[in-house]
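Reader: Please show the model, and let us then examine the terms used to describe its ligand site.

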Amino acid sequence: LVASLEQVEQTYVMVKPDGVQRGLVGEIISRFERKGFKLTGLKLFQCPKELAEEHYKDLKAKAFYPSLIDYITSGPVVCMAWEGVGVVASARKLIGSTDPLQAEPGTIRGDLAVQTGRNVIHGSDSPENGKRETALWFKEGELCEWTPVQAPWLR
Ligand code: RTP
């Protein structure tokens, strides 16, 4: 039941400004908690433009890039770090497809969003990006390493 340390991944999940404005923060956090992942970082945060640009630097050439930066910096986001075996791919499944109209019912975007440009949540797309993005959005002292008591599903 106990996973080896190498199997444990980190992912960076973020409720985007529309999710905060619409009061979906609790609903979204609760889906990850109920799934059984371990929360290691959590904050409400007004993202500066430079950080949004760094986070989305691979999309710089896209036509929607300027509006994406405006969107992400338009109001506070909720930054989360989640840990667990398979957490990266599983979080992407819980989140659903980028275009909410294509996202399956039962997923966060499938249940709660309509437009790609207002798709309420971000989740890292690989274990490497999970580590990179967690380090980008959280300072060291903001993350909390803790051992769940008698809860092996939280590893
Ligand atoms: P995600 O991880 O958020 O599901 O997105 P992705 O990597 O599959 O898609 P990517 O192309 O990296 O897009 C990142 C975020 O940019 C916004 N977006 N807007 N046509 C548009 O207006 C458009 N396309 C993408 C979305 O907020 C998307 O999540």
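Author: A polar backbone atom of Thr-116 lies 3.4 Å from an oxygen atom of the ligand in this predicted model. Residues are numbered from 1 along each chain as its sequence is written. As the model is predicted, local features need pLDDT of at least 70, side-chain atom pairs count only at pLDDT 80 or more, totals for chains, interfaces and linings use all residues, and side-chain values use heavy atoms, with hydrogens and water left out.

Reader: What makes the pair at Thr-116 a polar contact?

Author: A polar contact is a pair of N or O atoms within 3.5 Å. The Thr-116 pair, at 3.4 Å, therefore qualifies. Polar side-chain atoms of Lys-16 and Asn-119 each lie 2.9 Å from an oxygen atom of the ligand. Taken alone, the ligand exposes 560 Å², of which the protein buries 71% (Shrake-Rupley method, 1.4 Å probe).

Reader: Why is Gly-123 counted among the residues around the ligand?

Author: A residue is near a molecule if one of its heavy atoms lies within 4 Å of it. Gly-123 is listed in the surrounding set, so it meets that limit. Others in the set include Tyr-56, Leu-59 and Leu-68.

Reader: How is the shell around the ligand divided by residue class?

Author: The shell comprises four nonpolar, four polar and three charged residues. Gly counts as polar, and Lys and Arg as charged.

Reader: Which residues does UniProt list under "binding site"?

Author: The unreviewed entry lists Lys-16, Phe-64, Arg-92, Thr-98, Arg-109 and Asn-119; such annotations may be inferred rather than shown by experiment.

Terms used:
Polar contact = N/O pair within 3.5 Å; in protein donor to acceptor, adjacent residues only side chain to side chain.
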